[in-house]
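Me: Hi! Could you walk me through this chain?

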Amino acid sequence: MKKTQKTPGTKKTLKQILNQEKVAGYVFILPFIIGFMVFLFYPMVMSLAYSFTRYNILKSPVFIGLDNYITMFTEDDLFWKVLMVTVKYVVFGVPLRLLMALIVAMLLVKNTKLSGFYRAVYYLPSIIGSSVAVAILWKRIWASDGVINALLALIGLPSKTVWLGKEETAIWVLIILAVWQFGSSMLIFLSGLKQVPVSLYEAATVDGASGITKFFKITLPLLTPTIFFNLINQLISGFMAFTQSYIITEGKPKNSTLFYAVYMYQNAFTNEKLGYSCAMAWFMVAFIGLLTFILFKSQKYWVYYESEG
């Protein structure tokens, strides 16, 4: 019997198949690459270039070297005040938000018929919390004739406090709003809590450990990677806060609630100092990068990874 001869090229080699898969992969990621280059990488490069110029959009940029950075650190007193206001907002807002998220997550970790509903309800503020509508509503709630003073009047406390008109209280109104937006952190904590082995709790119960002991000896150590992840995300989000200050207080009174992002916006589009605003943006990138670097270096002292023993 004659053997059927195989026509050359009828079977694709492994190399050809792999090359086709590479081409298909590049085609699928091409939209992301284009979007990244056009909407992220290119604007970042241009903003870095503009940070060394005097530029107001209407005129061509003029190169001035490090003058914007020198002005920022040595001549602009408001810059330091704005930075301290934002740091205060982050220092108090982020830990309180994470604490609230952890408490609610521990309450909702058990599956019940309504647990899905409650999780959705508690997550909702994180979706709408940064919207202009919520900011306006929050402003009305804390107004001198708002809901908060009305509730205080019902229990016999002073009811004419101008919460948004005092330097001591205005920033706390914004911090409370930040704490209220704990939904995303809560869901991440829920995921982390579900990863803690039940056998550890059972063994601790046999040994007579109390609920507090279980929390500090089992839950908290095993949850430190999740806490670390949430801390990094919320830290970055806190320094980028904009709507709360811009809509609710407009930076008042006496710039005590003027956030860094709002001041940067004012320099770019109100004061027509886009080059200076770009310099401020890159300082904040470096500042957040430094804080993140410190946190990553410190994690070996307080973050417990089970794989590392």
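Reply: Happy to; here are the overall form, the surface and one residue. This is a predicted model, where local features need pLDDT of at least 70, side-chain atom pairs count only at pLDDT 80 or more, and totals for chains, interfaces and linings use all residues. Residues are numbered from 1 along each chain as its sequence is written, and side-chain values use heavy atoms, leaving out hydrogens and water.

Me: Cool. How many helices and strands in the chain?
Reply: There are 13 helices and 2 strands, taken as DSSP runs (H or I, at least four residues, for helices; E, at least two, for strands) and numbered from the N terminus.

Me: And what's the radius of gyration?
Reply: It is 27 Å, well over the 19 Å from the globule rule for 309 residues, so the chain is more spread out than a compact globule. The radius is taken over C-alpha atoms, and the rule is 2.2 Å times the number of residues to the power 0.38. Along its principal axes, the C-alpha trace spans about 105 × 75 × 40 Å.

Me: What share of the residues is buried?
Reply: Buried residues account for 36% of the 309, with buried meaning under 20% relative accessible area (1.4 Å probe, protein chains only).

Me: Switching to Thr-219: buried or exposed?
Reply: Thr-219 is buried, at 4% relative accessible area, and sits in helix H10 (residues 211-239).

Me: Which residues does Thr-219 touch, beyond its neighbours within four places in sequence?
Reply: Thr-219 is in contact with Leu-193, Tyr-201 and Lys-214, contact being heavy atoms within 4.5 Å. Pro-197 is 22 residues from Thr-219 in sequence and 9.6 Å away in space, C-alpha to C-alpha.

Notes:
Buried means under 20% relative accessible area, exposed over 50%, partly exposed in between (1.4 Å probe, protein chains only).
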